[in-house]
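Visitor: I have not seen this structure before. Please show it to me, and then I will ask about a few of its parts.

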Amino acid sequence: METQAKVDEILTRYKDAKRDALIPILQDVQDSCGYLSKEAVIQIGAYLNLPTSKIYGVATFYNQFRFQPVGQHHIQVCRGTACHVKGSSGVFDRFCRDLKINDGETTRDGMFSLEVVSCIGACGLAPVIAVNGEFHAKLVDDDASRIVKEYKKAAKEGDNK
Amino acid sequence: MCQIEINGRVAEAKIGETLLEVLRREGVKVPTLCNVEGLNPTGACRMCVVEVEGRGNLVPSCAFPVSDGMKISTHSAKAVQARKTIVELLLSSHPDDCNYCARNGNCELQTLAAELGVRQRRYKGERKKMKVDVANPSLVRDPEKCILCGRCVRVCEEIQNVGAIDFIGRGADSTVGTSFDEGLNVSSCINCGQCSLVCPTGALVEKRNVEDVMAALADPRKYVVVQHAPSVSVTLAEEFGVKPGTDIDKEMVAALRRLGFDRVFDTSFSADLTIMEEASELVSRLTHGGTLPMMTSCSPGWIKFVEQYYPEMIPNLSTCKSPQQMMGAIIKSFFARREGLDPKDVVSVSIMPCTAKKFEASRNEMIVDDIPDVDFVLTTRELAQLIKMHGIDIENIPGETADNPFGERSSAGKLFGGSGGVMEAALRTAYHMVTSEELTDLKIPAVRGSKGRKEARIQVGDLELGVAVVSGLANARKLLDEIKEGRNDIHFIEVMTCPGGCVSGGGQPINLSPDTVRQRQKALYRLDQEETLRTSHQNPAVHRLYKEFLGTPNGEKSHRLLHTSYVARTDVLK
Ligand code: SF4
Ligand code: SF4
Ligand code: SF4
């Protein structure tokens with residue numbers, strides 16, 4: 001119900017809104033809920049009189065929107081020019097392979113989520129990623145695997161305590 | 001009017017029309033992949049490009065208005081090469097699946113590749129692996145075969161006002177898909193199959209039940225009964241290259257027997273039965289203060305539409321099952337008992353113009369004690385496949401007539417195949433029920449034709465009935481909204497999901513021309529004109545069934561077997 005209340009609150013700010021308000025509404029909902037849930041999209045669709053397929057289509061056109069809640073460890077891979085030149089796509093691919101998810105997705109157990117971001121302003125550290133805001137610098141592909149393993153291990157140890 | 005020059009010949013054109021319209025009229029064929037007659041052009045595929053003198057670039061003729069004195073060249077080397085390149089690029093990321101594809105031999109992409117002389121793979125694109133969506137009972141979606149022409153998206157949105165599918169993602173990752181990339185089965189899709197009629201490729205095809213039916217026919221323990229819908233006899237011939245509007249009812253019945261069906265029944269018989277039930281329901285609602293306007297219930301796409309978008313209007317729907325389901329219910333009860341068969345050993349197959357009928361047959365309401373009214377539904381296209389597969393020469397086979405007890409039909413039942421037909425049949429019978437007389441002129445022109453909305457006021461005894469006939473659910477939505485806003489001069493509404501009715505159903509032969517649909521419709525009117533038995537209530541076989549088994553229309557037994565209920569669908573991603 002919480003999502004519904006949040007979305008309702010946002011929609012009241014868009015009185016008599018038409019289609020062109022869609023993107024700002026989606027942005028507000030994502031800011032407030034962290035992602036665009038099905039329930040939220042249905043609610044927005046009913047409000048704007050738009051089929052959800054259209055909303056999903058528009059939202060997937062921009063890569064700022066995600067449709068799954070972020071995981072416990074939210075991995076942001078920088079795709080700024082410097083990072084790209086220094087091989088961030090290899091690092092990203094490794095995360096995808098190891099976690100079996102793609103950009104914008106969350107692992108089934110909710111532990112990891114992945115997001116490609118444009119320059120996060122740490123070009124000196126390229127290629128750089130941030131996990132829950134904490135930077136990991138100058139990575140090579142294998143570092144991605146190592147980081148995933150470390151977090152998994154930490155989680156296991158946490159469980160055993 | 002103005003004059004333009006096409007390939008050196010002068011042609012008349014109307015200011016404001018598109019080049020493509022003129023070209024078609026002048027007998028020049030320019031290929032199109034995204035164009036759908038009747039919908040706004042998008043110019044997305046660029047297959048229809050032509051050269052216009054004085055302009056550097058090729059222009060898409062579908063979206064280019066004519067102007068006086070324009071000189072165009074439709075098949076210059078440049079234009080042809082441009083088209084060929086588009087096809088080659090489309091093929092570069094396309095699966096090489098033709099031999100295994102439902103559209104093999106009837107695919108616009110394949111045809112264009114052949115016509116443009118593509119003989120070589122000049123471009124090698126990356127092939128994306130995508131999941132085939134098979135969870136829906138009516139349709140299969142194979143996004144790998146999608147060329148992103150957008151026809152399905154527009155038809156679903158503009159004709160049906162459903163919008164179950166749209167462009168998803170962007171750039172090289174674009175696909176056409178559903179909300180949240182879920183299966184069509186949980187989407188707002190109403191299973192109408194109109195998208196499969198316009199899809200140029202095998203990306204959207206009917207869910208195939210040919211093999212299920214063949215297995216049943218081959219099983220000696222099974223007694224396999226088939227029914228064929230009113231419109232199929234006037235469309236099937238097209239699959240064999242015969243001109244649209246040719247009725248081959250008798251040849252089709254003969255073919256069905258040769259395929260091994262134990263009994264061949266005519267759904268037009270149960271359409272007559274539907275009319276008995278529905279007309280009595282209407283009269284009863286009119287005289288006992290029931291919910292009005294009453295809305296017809298034989299089109300399963302429409303039913304799902306109401307269930308998901310207008311649940312508050314479910315009480316307006318007639319509770320009558322569709323003719324397909326009525327026939328199925330009678331086959332599994334009365335017929336099985338009469339023949340001394342265990343209903344579990346009877347397989348009931350129906351040949352339908354419709355993909356949504358597959359969904360309808362699978363509805364929980366249509367399955368009693370694990371026994372479905374209808375086991376398998378084949379579309380007209382699938383029947384053609386079966387006939388071809390079995391080497392039956394439909395054009396030369398001696399005709400036969402359908403079996404008793406459910407082979408006899410009135411032409412009113414036959415009219416169910418086109419928009420306005422249920423209305424006309426129902427009015428003929430309702431008139432008789434109210435006045436005990438027959439309409440002086442059985443033909444009711446006001447409800448005929450393929451217009452999206454028809455309205456009339458008809459005097460039935462003391463009652464003046466307001467009736468409306470709509471097809472294409474965008475038209476239905478407009479009407480329902482008027483009613484919700486207070487319009488109250490309409491008592492009875494016929495809705496068919498597909499524009500023009502079953503003759504252009506999602507399971508019919510794929511032929512985009514509006515003239516084809518008119519020819520199919522005309523064939524039904526012709527049959528009605530030539531028939532002597534033209535009202536459902538005069539069908540002696542229907543009378544026998546009431547006498548021997550059902551009792552009275554709208555009676556207790558009818559209600560149990562021939563009527564149904566609906567559910568508000570709040571769970572679909574609409
Ligand atoms: S869609 Fe057409 S081109 Fe593609 S595999 Fe099927 S028949 Fe061949
Ligand atoms: S079957 Fe009808 S409702 Fe479903 S996607 Fe196709 S056009 Fe839309
Ligand atoms: S599914 Fe068919 S009609 Fe729809 S966009 Fe793809 S190719 Fe075109």
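**Rings, cores and a ligand shell**

Guide: This is a predicted model. Over all chains, the structure holds 15 aromatic pairs.

Visitor: Is the aromatic pair of B:F305 and B:Y310 stacked, tilted or edge-to-face?

Guide: The ring centres of B:F305 and B:Y310 are 6.2 Å apart, and their planes meet at 35 degrees. Planes under 30 degrees apart count as stacked and those over 60 as edge-to-face, with the rest called tilted. The pair of B:F305 and B:Y310 is therefore tilted.

Visitor: Is B:Y310 buried or exposed?

Guide: Buried means under 20% relative accessible area. B:Y310 has a relative accessibility of 3%, so it counts as buried.

Visitor: Which residues touch the most other members of the largest nonpolar core?

Guide: The largest nonpolar core has 37 residues. Several elements of chain B each supply at least two of them, including α9 (300-309) and β19 (492-496). At least three residues come from each of domain 2 (88-206) and domain 3 (226-562) of chain B. The members touching the most others are B:M295, B:W302, B:F305 and B:I493.

Visitor: How many charged residues are in the shell around ligand 2?

Guide: Among the residues around ligand 2 are B:C156, B:C189, B:C192 and B:C195, as well as B:N191 and B:G193. The shell divides into seven nonpolar residues and two polar ones, and the number of charged residues is none.

Notes: Residues are numbered from 1 along each chain as its sequence is written. Chains are lettered from A and ligands numbered from 1 in the order in which they are written. This is a predicted model: local features need pLDDT of at least 70, side-chain atom pairs count only at pLDDT 80 or more; totals for chains, interfaces and linings use all residues. Side-chain values use heavy atoms; hydrogens and water are left out. A residue is near a molecule or strand if one of its heavy atoms lies within 4 Å of it. Ala, Val, Leu, Ile, Met, Phe, Trp, Tyr, Cys and Pro count as nonpolar, Asp, Glu, Lys and Arg as charged, and the others, Gly among them, as polar. A nonpolar core is a set of buried Ala, Val, Leu, Ile, Met, Phe, Trp, Tyr and Cys residues joined through side-chain atoms within 4.5 Å. Buried means under 20% relative accessible area, exposed over 50%, partly exposed in between (1.4 Å probe, protein chains only). Helices (H or I, at least four residues) and strands (E, at least two) are DSSP runs, numbered from the N terminus. Domain bounds come from an automatic or database domain assignment. Rings of Phe, Tyr and Trp (its six-membered ring) pair if their centres lie within 6.5 Å; planes under 30 degrees apart count as stacked, over 60 as edge-to-face and the rest as tilted.
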